[in-house]
Amino acid sequence: MIINKRIYKAANTVLFMLMLVIAPIAHAANLLFKSNFGSGVSLSAPTAFYTNGAWQYLTGTDSETGHSWPIKALGSDFSGIQMITIDPIDSSSIGNYITNEVRSVIGPKGNSVRELFQNVKIKGDLGQAGSQAPFLIKRPWTIGDVNDLYMTYWFYYPEDFPSKLTRDVPGAGWRTQFEFKTGGYLNNWQGDYRVGVTIIKGLDGQLYWQTKGDNVANGPWPRIDYWTIDNHAVAVPVGKWFKFEVYWHRSSGSDGRFWAAVDGQVIADYHGPSMGDYNLPVTRIMVNNPYTGGYATVESHSTGLEIWDGFPCGDGMSCLDADSVAPTVPASLVAALKSTTTTTKVKGKTRTISSALVTLSWNASSDNITVAGYNIYRNGTKIAVSTSTGYTDSLGTATGSNYSYTVKAFDAAGNISTSSNAALIVY
């Protein structure tokens, strides 16, 4: 049988196109930042005071994840708490309105964790929002947009939270959970687009989720609400930790998206344009915000912040309990010793000090989602965390000891591999 080559080629082309349509397309996501507010992370004293507020930076390297504050992954120039007050304040009075701290508490799984605690104590009259303290990632409008981002963290509302909201007074029945805003209009911080997730107290006294896209980003235009999703089906968790997740894809076309979930249940999945009239970039990400029209005090409790450049557990899939697989074992750990000698003169006397550096390297582990980092152990004691496949340990001046190094890989869900081979050093 003779087959026309053109027909054969055309059939193959059609078959190939059908395979592209039918076959699922995998989108790998990269972990950009993770912090449990572990030891090494602290809040600076409020600084850069202005008439109605100040700024408070998160600083330091998280001993649990190896990631450092401020967040550089998104090109941010500030990551911390913006303290905004209803009245003029200074360094002596800011604490009457807003206090923030990193502290140890019992966490989502019943174990001790470190949380970022934000507390707005004076906010204005009932029905007036007034003071607020957004946990803010701020970035310049000159460096482009954040086109794809997934963020998750654990959050806690106290038992008395529902009583803080009321419909008896107009404007007193809402509380912000999350927002992002754009900026850069006329080369300033004004923007043309905002997405917010808000908790509303309904006329029936029940709390529900409202997710909205609008142009309320401090620009000079009349308000336009582009889209609104009210979700009464997924409960607002109170008196317990819950996992909050958001994802967005920025586009002026139909492929734009904003997705949010609470404890693995989707509360909003909007598809459509997600840009303002001027296509301005995202400049302000309010991870969470103690901001409300209800009664003070207004608290935020959060921990376990992760930022990715896409859905890590699959398109439109929550990562709640989605990962129970530990990374593979770090292989071929090698340790190299380098001794150094430093000579100094103190009061005319020469002093020689010997010290040593141990350089560790190993082959990367793999994971079903992603490897988040590596724990470094010396003689069985954890001494550091590395987000790369190398680490340098300083042994100081002590000599005559044996040192055994091992490494374990961990993922963003906290699953930890078994130990690598031991690398021995005699110094």
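These legends walk you through a predicted model, from the whole chain down to single pairs of side chains. Residues are numbered from 1 along each chain as its sequence is written, and side-chain values use heavy atoms, leaving out hydrogens and water. Because the model is predicted, local features need pLDDT of at least 70 and side-chain atom pairs count only at pLDDT 80 or more, while totals for chains, interfaces and linings use all residues.

**View 1. The whole protein chain, with three helices and 26 strands.** Helices (H or I, at least four residues) and strands (E, at least two) are DSSP runs, numbered from the N terminus. The C-alpha atoms fill a box of roughly 95 × 75 × 45 Å, taken along the principal axes. Of the 427 residues, 47% count as buried. Here buried means under 20% relative accessible area, exposed means over 50%, and partly exposed lies in between (1.4 Å probe, protein chains only). Take the contacts (heavy atoms within 4.5 Å) between residues at least 6 apart in sequence: 67% of them join residues at least 24 apart.

**View 2. Strand S9 and its two partners, S6 and S18.** Two strands pair if DSSP finds at least two bridges between them. Strand S6 (residues 78–84) pairs with S9 through four bridges, in the antiparallel sense. Strand S18 (residues 282–288) also runs antiparallel to S9, and four bridges join them. Now look at Ile137 in S9: Ser79 stands opposite this residue, and in S18 its bridge partner is Ile285.

**View 3. A salt bridge between strands S7 and S8.** A salt bridge is a side-chain nitrogen of Lys or Arg within 4 Å of a carboxyl oxygen of Asp or Glu, and by this rule the count comes to 15. In this one, Arg103 meets Glu115, with the closest N and O atoms 2.7 Å apart. Arg103 sits in strand S7 (residues 98–106) and Glu115 in strand S8 (residues 112–120), so the pair is 12 residues apart and links distant parts of the chain. Arg103 counts as partly exposed because its relative accessibility is 26%, whereas Glu115, at 1%, counts as buried.

**View 4. A salt bridge that joins two loops.** Arg250 and Asp145 form this salt bridge, and their closest N and O atoms are 3.0 Å apart. Arg250 belongs to the loop between strand S15 (241–249) and strand S16 (257–262), and Asp145 to the loop between strand S9 (135–138) and strand S10 (148–156); the two residues are 105 residues apart. Arg250 is buried, at 5% relative accessibility, while Asp145 is partly exposed, at 23%.

**View 5. A salt bridge between a loop and strand S16.** The side chains of Asp315 and Arg257 meet here, at 2.9 Å from N to O. Asp315 lies in the loop between strand S19 (298–308) and strand S20 (331–346) and Arg257 lies in strand S16, so the pair ties together parts that are 58 residues apart in sequence. Is each partner buried or exposed? Asp315 is exposed, with a relative accessible area of 59%, but Arg257 counts as buried, at 11%.

**View 6. A network of salt bridges.** Which residues are joined by salt bridges that share partners? Glu179, Arg194, Lys212, Asp214, Arg223 and Asp225 form one network in this way.
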